[in-house]
Amino acid sequence: MLRDRVDPEDTALFFYDTRILQDRVHRVQRAFPSKTRHAVAVKSNPVTAVLRSCYAAGLQAEVASLGEYHQARRIPGFGHIVY
């Protein structure tokens with residue numbers, strides 16, 4: 001239930017359709033040679049659930065700060081992090 005997922009201290013609420021996200025990732029991946037590494041910018045997608053979905057779609061993480069690095073490390077599987 002939605003109210004179980006919203007904390008009383010939350011100041012914003014947003015929704016992602018991860019099926020659309022993953023479909024777009026797969027379309028981009030098919031447009032490049034198979035050995036191309038694709039990464040999601042943690043700065044523009046810092047939400048853990050979104051990062052998990054990106055990882056599930058086959059992306060790695062791209063970070064530009066120590067905070068972003070620590071956020072990416074919260075996702076099991078982001079073994080290759082581009083700095």
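User: Which residues are buried in helix H3 (residues 48–56)?

Analyst: Two remarks on the source come first. This is a predicted model, in which local features need pLDDT of at least 70, side-chain atom pairs count only at pLDDT 80 or more, and totals for chains, interfaces and linings use all residues. Residues are numbered from 1 along each chain as its sequence is written, and side-chain values use heavy atoms, with hydrogens and water left out. A residue is called buried under 20% relative accessible area, exposed over 50%, and partly exposed in between (1.4 Å probe, protein chains only). Helices (H or I, at least four residues) and strands (E, at least two) are DSSP runs, numbered from the N terminus. In H3, the buried residues are Val50, Leu51, Ser53 and Cys54.

User: Why do the buried residues of H3 line one face of the helix?

Analyst: An α-helix has 3.6 residues a turn, so residues three or four places apart point the same way. Viewed down the axis of H3, the buried residues fall within an arc of 160 degrees and therefore line one face. The arc is that of the directions from the helix axis to the C-beta atoms.

User: What covers the buried residues of H3?

Analyst: Coverage is judged by contact, meaning heavy atoms within 4.5 Å. The covering elements include helix H2 (18–30), strand S1 (39–41) and helix H4 (66–73). Just after H3, Gly58 takes a positive phi of about 100 degrees.

User: How many aromatic pairs are there?

Analyst: A pair of aromatic rings is described by the distance of the centres and the angle of the planes. Rings of Phe, Tyr and Trp (its six-membered ring) pair if their centres lie within 6.5 Å; planes under 30 degrees apart count as stacked, over 60 as edge-to-face and the rest as tilted. By this rule there are two aromatic pairs. The ring centres of Phe14 and Tyr16 are 5.4 Å apart and their planes stand at 80 degrees, so this pair is edge-to-face. Phe14 is partly exposed at 47% relative accessibility, and Tyr16 is partly exposed with a relative accessible area of 47%. For Tyr55 and Phe78, the centres are 5.6 Å apart and the planes are at 85 degrees, so that pair is edge-to-face. It links distant parts of the chain, since Tyr55 is in helix H3 and Phe78 is in the loop between H4 and strand S3 (81–82), 23 residues apart.

User: Is Phe78 buried or exposed?

Analyst: Phe78 has a relative accessible area of 1% and is therefore buried, whereas Tyr55, at 33%, is partly exposed.

User: How many salt bridges does a search of the whole structure find?

Analyst: A salt bridge is a side-chain nitrogen of Lys or Arg within 4 Å of a carboxyl oxygen of Asp or Glu. The search finds three salt bridges. One joins Arg19 to Asp17, with the closest N and O atoms 3.2 Å apart; Arg19 is exposed at 65%, while Asp17 is partly exposed at 32%. Another joins Asp23 and Arg27 (3.9 Å, N to O). Asp23 and Arg27 are four residues apart in helix H2, so about one helical turn separates them.

User: Which parts does the pair of Lys43 and Glu68 tie together?

Analyst: The side chains of Lys43 and Glu68 meet in a salt bridge (2.9 Å, N to O). Lys43 lies in the loop between S1 and H3 and Glu68 lies in helix H4, so the pair ties together parts 25 residues apart in sequence. Lys43 is exposed at 60% relative accessibility, but Glu68 is buried at 10%.
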